[in-house]
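Thanks for sending this one over. Here are my notes as numbered points, to read with the structure open beside you.

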Amino acid sequence: MIALVSPNMNSSSFLLTGFSGLEQQYPWISVPFSTIYAVVLLGNCLVLYVIWTEPSLHQPMFYFLAMLAITDLCMGLSTVNTVQGILLGLIQEISLDSCITQAYFIHGLSFMESSVLLTMAFDRYIAICNPLRYSSILTNSRITKIGLTILGRSFFFIIPPIIRLKYFHYCRPHILSHSFCLHQDLLHLACSDIRFNSYYALMLVICTLLLDAVLILFSYVLILKSVLAIASREEQHKSFQTCISHICAVLIFYIPIISLTMVHRFGKHLSPVVHVLMGNIYILFPPLMNPIIYSVKIQQIRSRILRLFSLKIC
């Protein structure tokens, strides 16, 4: 790998890390990755199409699901060029400007997914704990404001540390530890004063990912309390069913993030392949699984998709 950092390499470029030691198998490895990206693209586009074309799904719960599908779709598109480029032998390097741009969208979309999941938890809380006021609380205008707030919260506050990456001096070997760019990866290569970026990034993680996780947990405590107060066992089961898909989405988002953090923190001795694999799971697992989960678990979407494919077959 170090040998690849040759004198021909531009000083403002960074070497992307693929699956070290498996270079001969890249054409084969590209097949499952191509399949995953295709499923991410088709699955999320299908969910968006169904919600867009089915009038009965034009309600808050499905608007928030559409936001989640858009976020997952963009997350897949933000890394496909570098991941597939490495596996297909098309690229090895990425310029500093392109790297910073990719890091901006990856982190912004991660914060956006967390925000959308929190909003979906709020939606379930209102639907179960205060159903009579559901339509009056989650009006179309309020949903629009929530969407704009999510965008601002996700992409505005990360601008300061991202911009500072442009002006750092990178004196260490320009080798990234993943097949895409992350803020913390660039910090490790910088010889400038990175304290602002480090503390600011920590504050963002606490105020977004950690806070969102706590609020989601708190909302489900309230939901559980409300559901257990329902006398009918059948009504309890029905209420829980409406939350299962969202709980699965929360788990498949937070578990890879926690796992990747643990690998970075305590897995220094692990093979670089493990780091790259965990990074790709963090990026691709939620966008891959969310449309599958919601297509299987939500009856309205499942029946509409089945009807759509039955019409095409006929």
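1. The largest pocket has a volume of about 1,400 Å³. Please keep in mind that this is a predicted model, and that the totals for linings use all residues.

2. If you would like to find this pocket on screen, its lining has 45 residues. Leu182, Gln184, His188, Thr261 and His264 are the ones that lie nearest the pocket's centre, so to speak your landmarks.

3. Which helices build the wall of the largest pocket? Helix 3, helix 6 (159–165), helix 7 (183–189), helix 8 (195–228), helix 9 and helix 10 (272–297) each provide at least two lining residues. Helix 8 has the largest share, with 10 residues.

4. As for chemistry, the pocket lining is made up of 28 nonpolar, 14 polar and three charged residues.

5. Now to the enclosed spaces. Searching the whole structure turns up three cavities of 30 Å³ or more. The largest of these cavities has a volume of about 90 Å³.

6. The residues around the largest cavity are Met61, Phe62, Phe64, Leu65, Met120, Asp123, Arg124, Thr242, Ser245, His246, Tyr294 and Ile298. By type, this lining splits into seven nonpolar, three polar and two charged residues.

7. Which helix gives the most to the lining of the largest cavity? That is helix 2, with four residues. Helix 2 (60–87), helix 3 (96–129) and helix 9 (233–266) each contribute at least two residues there. Helix 3 and helix 9 also each supply at least two residues to the lining of the largest pocket.

8. Helix 3 deserves a point for its packing too. In general, a pair of packed helices is described by the angle between the axes and the distance between them. Helix 3 and helix 5 (residues 140–155) pack at an angle of about 140°, and their axes are 8 Å apart. Angles over 145 degrees would count as roughly antiparallel and 65 to 115 as roughly perpendicular, so helix 3 and helix 5 are oblique to each other. The crossing of helix 3 past helix 5 is right-handed.

9. Where do helix 3 and helix 5 touch? On the helix 3 side, the contact uses Tyr104, Phe105, Gly108, Leu109, Phe111, Met112, Ser115, Val116 and Thr119. Helix 5 answers with Ile146, Ile150, Leu151, Arg153, Ser154 and Phe155. Taken together, the contact residues comprise 10 nonpolar, four polar and one charged.

Key: Residues numbered from 1 in each chain as written. Predicted model: local features only at pLDDT ≥ 70, side-chain atom pairs only at ≥ 80, totals over all residues. Heavy atoms only, no water. 1 Å grid on protein atoms, 1.4 Å probe; cavity = no way out; pocket = protein on both sides within 12 Å on 5 of 7 lines; lining within 4 Å. Points joined across faces, edges and corners; volume = space filled by probe spheres on them. Nonpolar A, V, L, I, M, F, W, Y, C, P; charged D, E, K, R; others polar. Axes fitted to C-alpha atoms, helices over the stretch in contact; angles between N-to-C directions. Parallel < 35°, antiparallel > 145°, perpendicular 65-115°, else oblique. Left-handed = near helix turned anticlockwise from the far one by under 90°. Contact = heavy atoms within 4.5 Å.
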